[in-house]
Amino acid sequence: MADPAHYTYRVTWSEPDGEFVGTVAEFRSLSWLADTQNEALDGIVTVVREILDDMASTGERPPVPIADRSYSGTFTVRTSPRVHRTLAVEAEEQGVSLNLLVNQKLSAPAADPAGADATPG
């Protein structure tokens, strides 16, 4: 049986519900609402444990946890010719390969979605 601890959990605040919501990436339809972050996490882990038990009893195969999957480090991204050209020019100007430039961009911390400066002020 899959280990519930290996699944990918997230707890966020749900403004519409006025509570924290626990979710699990591998079971997108599952969630758990609670007053505290810890209760939301405990709740969603319990639900996953129960689902895994049910799946085992019926012979269903649960999704493989993201943490237990193998990754090659290679994937293909399709984009427009304009974006491809823009990235190629940027890579050339920086004196790096297109692969290295894209890897750096993918690895960089995400920008603040609110547009605020991340530097403490």
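**Strands and core in a predicted model**

Me: How many bridges join strand β1 to strand β2?
Reply: β1 covers residues 9-14 and β2 residues 19-24 (strands are DSSP E runs of at least two residues, helices H or I runs of at least four, numbered from the N terminus). They run antiparallel, and they pair (at least two DSSP bridges) through a count of six. This is a predicted model, where local features need pLDDT of at least 70, side-chain atom pairs count only at 80 or more, and totals for chains, interfaces and linings use all residues. Residues are numbered from 1 along each chain as its sequence is written, and side-chain values use heavy atoms, leaving out hydrogens and water.

Me: Which residue takes a positive phi in the hairpin of β1 and β2?
Reply: Ser14 has Glu19 of β2 as its bridge partner. Four residues sit between the strands of this hairpin, and the phi near 65 degrees belongs to Gly18.

Me: What is the bridge partner of Phe20 in β3?
Reply: β3 spans residues 31-34 and pairs with β2 in the antiparallel sense over four bridges. A hairpin of six residues links the two. Across that pairing, Phe20 is matched with Ala34.

Me: Which helix gives the largest share of the largest nonpolar core?
Reply: That core (buried Ala, Val, Leu, Ile, Met, Phe, Trp, Tyr and Cys joined through side-chain atoms within 4.5 Å; buried is under 20% relative accessible area, 1.4 Å probe, protein chains only) holds 12 residues, including Tyr9, Val24, Leu30 and Met55. Six of them come from residues 37-58, helix α1.

Me: Which residues does Leu30 touch, not counting those up to four places away in sequence?
Reply: Leu30 is itself part of the largest core. Its contacts (heavy atoms within 4.5 Å), with those sequence neighbours left out, are Gly22, Thr23, Val24, Ile44, Val47, Val48 and Ile51.

Methods
Buried means under 20% relative accessible area, exposed over 50%, partly exposed in between (1.4 Å probe, protein chains only).
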